[in-house]
Amino acid sequence: MSDYYEKVKVQLEQMKSSGEGAEKEEASTEPDEALVSSPPASVSPFQTVHSSCPTAARQNGSKTAVTGRNRSKSRSKLGKDERNSSYKQESEYALHETLVAANANVGKPHNRIDNERQMLQIQGTGKILQGKTETNGNTVIPNQRPKETKGFSHNKEDGNKVVKRRKPVTVDTSKAKTSMEALKLSIRQLKWKEFPVGRRSACDIYWHGVSFHDNDNIVSGQVNKFPGMIEMLRKINLSRAVRTMQELFPEEYNFYPRSWILPEEYQLFSTQIRLAKDSDASLKPTFIVKPDGGSQGDGIYLIRDPSDLRVIAGSQTKQSVVQEYIHKPLLIDKLKFDIRLYVLVKSLEPLEIYIAKEGLSRFCTEPYQEPSQKNLSHVFMHLTNYSLNIQSGNFVHSNSLSSGSKRTFSSVLYRLASKGVDIKKVWSDIISLVIKTVIALVPELKVYYQADIPPGKPGPSCFQILGFDILLMKNLKPVLLEVNANPSMRIEHEQEVSPGVFEYVPSPVDEEVKVGVIRDTLRLMDPAQRKPPEMSVEVGSPEQGPGEGGVLPSLCLKQVFPKYTKQFSYLRTVERITALFLRFLGVKGNMRLGPTGFRTFIRNCKLSNSNLSMASVDILYIDITRRWSGMLPESRESGMGLQAFVEAFFYLAQRRFKSLSLREQVVSLLEVCEAQLENQVGGGKRPSPLAVLTNHINPDPYRFSVGGLRLDRRLWTEKIHLDYQKAK
């Protein structure tokens, strides 16, 4: 044995003579980060001297504590001669490696062990890490830099467990547009990684500013827009979706004002208003007209009579919605206001809805008076749109969250509570309104979704933040004004800092609300799902990801669905109709049902009879499809859309179950259709082998399955022949 090993033996004797004090000192210290545990009675070349050791001992290494329960084990891959050596020599060699790792000044390492592979066992995992020893005795693991050892952290309950720091979530913000500041701030708070100009490889989350189609080349990850959401939240489509639900559930959907779609329902609107005035001469209703594609209050105006409608090209009115105006809104400081609430639709299947616990209250800038012919044009009195009222000289920018022309919704609730209002009831009614509205939108959103992301094909998943504009009536009943697919997420506003000089300055109210909404939306969409909802998580902890100190607050988004599934599941009737529609579309990615698909639906559900021949079915299809094509002139696709199919389904239900209410008729017909289709798929009458072959029910033209056995075409044909002979 060399002189160097003799020196090591002397050091070992010195450490043994130090007594139990060193062992107790070592046992009292916590394991250092990057320490890997293994069975006792051996040491690891990864082990380092704990900071609680004396400074002198850390410098010369002669008093390093290497015995006790916290020792770790590592055996080198020795050459042939060394493998045949005694156990004593092997222990002495391991001790030498540990001392070299603890103090590079003790002796000179031998070249013959510089490049030998080191085996490192991680306790509790059964994994073996391989590495090489450098000249200082430290083991280097491939693809791991020494500084990354700080990314390891120990479980407080068990020091032997090791948790690796996970890679940060990546967010592509190249298409984010106006939400950039709040988005960047949210990403910084989460300590995630932003790619402001995009990235060649896939990101975990893509944040689009306008629509799902801002970037059409995404095949994985998550996108913050649903395909078709912009189309569904246009004024006309929203009104149609809610109107369908009002036909089935009139009491549950009475939160949406009575509406007419122009120009197709102009005559109906004129007739109904004229009859109402004839029956009550004192009646002086007011209506608000909203352009179909309008935003930020553009093009909105009030009328008292159908003749006041603004016309384009003679008698043709612009595509718009006209609604009954709410005469008696709730006032604060004599001002009318509305509520902007942010709602996260996390997924469609299964349906998940979250509501932000905080929102914005946006005030008019002129004291409210009930509408009259003189004040109909006073937009600062009647319209709560922020983009309109900010142009008023009375608009008040405030650094306080409870004053000014824009405040937090919680400050309004606090003020109402001080007057004895049951704000829990107000919140409950608002939650109910939100869930019912989303349920009305989901059916057609599913049609758009399968058109852009067909089942079974690669594509991203989607989520979206919606802006609900809600008005509280004087009796505290919430009324839905509209839903925005792209609510403004700006956290600054333009302000004149000197005459003629405008700058964007921070808005404390907007930042308070919007940053939390975006940040917690990202937390919920974290692909690793590293933290439980509704819990405070330390920034930089293993549950949250890499970062620095600080604590994130509890989630500001509250789940309301499927949490309240029992109360609202009965409203999802139209979704069941949509499932039938999607089943018979045929080619995936299509959004229109052709005549053959409609006939197949009637035939498979066994809806034709002596009172409804297939010729009548064809006439029904042509009649409804033509009428809806006239109402949707911008549509270039031919065939029957979902809304037309729902109308046809209602018609068939009314013909078959005449004595029931519309809701009962529709549910009864659904049960008939679903039962027939279930019997065809399994448990009921199965198609004959000949029908399978001739109708190509089996998608594989060369292999067939009978009784769980796979048969080729020749055997399948022979079986058909035998079945035919038996039948004869």
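Which residues do ring pairs link into a cluster? Select Phe581, Phe584, Phe598, Phe601, Tyr621, Phe645 and Phe649: ring pairs join these residues into one cluster. The model on display is predicted, and the tour below moves from the whole chain to individual strands and side chains.

**The whole chain**

Begin with the full protein chain in a cartoon representation. The chain holds 22 helices and 28 strands. Of its 728 residues, 45% count as buried. A surface representation corresponds to an accessible area of about 38300 Å², and carbon and sulfur atoms account for 51% of that area. Contacts may be considered next: among those between residues at least 6 apart in sequence, 63% join residues at least 24 apart.

**The parallel sheet**

Select β6, β7, β8, β9 and β19. These five strands form an open sheet with parallel pairing, in the order β7-β6-β8-β9-β19. The edge strands are β7, residues 193-195, and β19, residues 461-462, and each of these pairs on one side only.

Within this sheet, display β6 (residues 170-175) beside β8 (residues 205-208). The two strands run parallel and are joined by three bridges. To locate a facing pair of residues, select Lys175, which stands opposite His208 in β8.

Move next to Gln222, which belongs to strand β9, residues 222-223. Is Gln222 buried or exposed? Its relative accessible area is 12%, so Gln222 counts as buried. Display the C-alpha atoms of Gln222 and Ile205: they are 4.8 Å apart, although 17 residues separate the two along the chain. Leaving aside residues up to four places away in sequence, Gln222 touches Asp204, Ile205, Tyr206, Ser461, Phe463, Met525 and Pro527.

**Strand β20 and its partners**

Select residues 464-472, which make up strand β20. The strand is mostly covered, with nine of its nine residues buried. Show the side chains and compare the two directions. Gln464, Leu466, Phe468, Ile470 and Leu472 point one way, while Ile465, Gly467, Asp469 and Leu471 point the other way; all are buried.

Add strand β15, residues 335-348. This strand pairs with β20 in the antiparallel sense over seven bridges. Arg340 can serve as a landmark here, as it stands opposite Asp469 in β20.

Then add strand β21, residues 478-484. Six bridges join β21 to β20, and the two run antiparallel. On this side, Ile470 stands opposite Leu480 in β21. The hairpin of β20 and β21 has five residues between the strands, and Leu476 in this hairpin takes a positive phi near 75 degrees.

**Aromatic pairs**

Return to the aromatic residues. How many aromatic pairs does a search of the whole structure find? The search finds 18. One of them joins Tyr253 and Phe255, a tilted pair with 5.5 Å from centre to centre and 40 degrees between the planes. Tyr253 has a relative accessibility of 0% and therefore counts as buried. Phe255 is likewise buried, with a relative accessible area of 6%.

Another pair to select is Tyr386 with Phe395. These rings are edge-to-face, with 5.6 Å from centre to centre and 70 degrees between the planes. Tyr386 counts as partly exposed because its relative accessibility is 23%, and the threshold for burial is under 20%. Phe395, at 12% relative accessible area, is buried.

Keep Tyr386 on display and add Lys406, which lies over the face of the Tyr386 ring, at 3.7 Å from the ring centre. A further charge over a ring is found at Arg407, which lies over the face of Phe363, at 4.1 Å from the ring centre.

**Ser405**

The final stop is Ser405, in the loop between α11 (386-389) and β18 (406-408). Its relative accessibility is 6%, so Ser405 counts as buried. Which residues does Ser405 touch, not counting residues up to four places away in sequence? They are Ser361, Arg362, Phe363, Thr365, Asn394, Phe395 and Val396. Phe395 is thus a contact of Ser405 as well as a ring partner of Tyr386. Finally, display the backbone of Val396: its nitrogen lies 2.9 Å from a polar atom of the Ser405 side chain.

Conventions. Residues are numbered from 1 along each chain as its sequence is written. This is a predicted model: local features need pLDDT of at least 70, side-chain atom pairs count only at pLDDT 80 or more; totals for chains, interfaces and linings use all residues. Side-chain values use heavy atoms; hydrogens and water are left out. Helices (H or I, at least four residues) and strands (E, at least two) are DSSP runs, numbered from the N terminus. Buried means under 20% relative accessible area, exposed over 50%, partly exposed in between (1.4 Å probe, protein chains only). A polar contact is a pair of N or O atoms within 3.5 Å; within protein, one must be able to donate a hydrogen and the other to accept it, and residues adjacent in sequence count only if both atoms are side-chain atoms. Contact means heavy atoms within 4.5 Å. Rings of Phe, Tyr and Trp (its six-membered ring) pair if their centres lie within 6.5 Å; planes under 30 degrees apart count as stacked, over 60 as edge-to-face and the rest as tilted. A charge sits over a ring if NZ of Lys or CZ of Arg is within 6 Å of the ring centre and within 35 degrees of the ring normal. Two strands pair if DSSP finds at least two bridges between them. Accessible areas come from the Shrake-Rupley method with a 1.4 Å probe; for residues, only the protein chains shown count as cover.
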